[in-house]
Amino acid sequence: MIIKKTLSFLLFIFSVFSLQAETIKTKVKSDAMNKDIPCVIITPTNYNPSATYPVIYLLHGYGGNQNTWPDIKKDLSQTATQDSIIFVCPNGENSWYWDSPFNKESQFETFISKELVSYVDKNFSTRDDRTGRAITGLSMGGHGALWLAIRHQDIFGAAGSTSGGVDIRPFPDNWDMKKQLGEYINNKEIWDNHTVINQINKLQDGKLAIIFDCGFKDFFFEVNNNLHNTLLKQGIAHDYIVRPGEHNSQYWGNSIDYQILFFKKYFQKRLPK
């Protein structure tokens, strides 16, 4: 009886340890900013170093951090295991994921697209090319995901945005953007060059798999519609979903499921031969 209880206790400890091991909290050095960036990396429970896994990078919104997505989606570990995907959640501060022309301590385009991707590929068994990488995010992170993917199509093969601030110019006094880009009235060209909707000319139809969505009652609804229409005019295929919802975690927790499915299908179509 004592032996049985001891074995049960050891199995319990092992199971707890295994669950904790799926969610890795780490810091990744950024040479561009000369600081360590907190990140959460979620691997499948049955992670096998001899296999290779696609990676989805999840970017948080303004005021969030590396724990935002794990807090919204409590079952990310389950999804990682079920779909054999690694999730990477970096702290992007309130950077909007640009390389700020004014703030040397906010160079998050370089960090995400180069330093973080390099770290993940070096330390985990990944499909280390664009066909094995997707990136998406919410709000500020939705802008960041499309910004990074469009500008680094050699790194990311698929991109998404949920409730993304895909055109920043209607909101010149919001969310600390002027700390990164300067005052809009004096830096209109910089703002024009740092908004997602003005990056569409860098796209070729079929090169980047794109999905984005927004709720009817979201304050970013109009700019998302404008992005959709701009992509249509440019002949760029994409998935655009409009559904009931506001700018909140309830909406994002639902919408991310559809984007993960979209990315999963993308990964499966591009399995290495």
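**View 1. Ser84, a serine with a positive phi.** In this predicted model, Ser84 comes out at 32% relative accessibility, so it counts as partly exposed. Look for Ser84 in the loop that links helix H3 (76–83) to strand E4. Its phi is about 55°, a positive value even though Ser84 isn't a glycine.

**View 2. Trp96, another residue with a positive phi.** Is Trp96 buried or exposed? Trp96 counts as buried, because its relative accessibility is just 2% and the cut-off for buried is under 20%. You'll find Trp96 in the loop between E4 and H4. Phi here is near 65°, which is positive, and Trp96 is a residue other than glycine.

**View 3. The hairpin made by E1 and E2.** Strand E1 (residues 23–30) runs antiparallel to E2, and eight bridges join the two. Pick out Lys25 and follow its bridge across: the partner in E2 is Val40. Between the two strands sit four residues. One residue to spot in the turn is Asn34, with a positive phi of about 55°.

**View 4. E2 paired with E4.** Which residue in E4 stands opposite Val40? That one is Cys89. E2 and E4 pair in the antiparallel sense, with four bridges between them. So far, then, Val40 has turned up as the bridge partner of Lys25 and again opposite Cys89.

**View 5. The largest nonpolar core, with 52 residues.** The residues with the most contacts inside this core are Tyr57, Phe111, Ile112, Leu116, Ile135, Phe156 and Leu227. Several elements give two or more residues to it, including strands E2 (35–42), E3 (55–59), E4 (86–90) and E7 (209–215). Helices do too, among them H4 (108–123), H5 (140–151), H6 (177–181) and H8 (221–234). Which element gives the largest share? That's H5, with seven residues.

**View 6. Phe156 and the residues it touches.** Leave aside residues up to four places away in sequence, and Phe156 still touches quite a list. Among its contacts are Tyr57, Ile112, Val117, Ile135, Leu148, Ala149 and Leu208. Ser113, Arg130, Arg133 and Ala134 are touched by Phe156 as well. Tyr57, Ile112 and Ile135 may ring a bell: like Phe156, they are among the residues with the most contacts inside the largest core.

**View 7. Another core, with 23 residues.** This core lies apart from the largest one. Its members include Ile56, Trp69, Ala80 and Trp252.

Key
Residues numbered from 1 in each chain as written. Predicted model: local features only at pLDDT ≥ 70, side-chain atom pairs only at ≥ 80, totals over all residues. Heavy atoms only, no water. Core = buried A, V, L, I, M, F, W, Y, C linked by side-chain atoms within 4.5 Å. Buried < 20%, exposed > 50% of the residue type's maximum accessible area, 1.4 Å probe, protein only. Contact = heavy atoms within 4.5 Å. Pairing = 2+ DSSP bridges.
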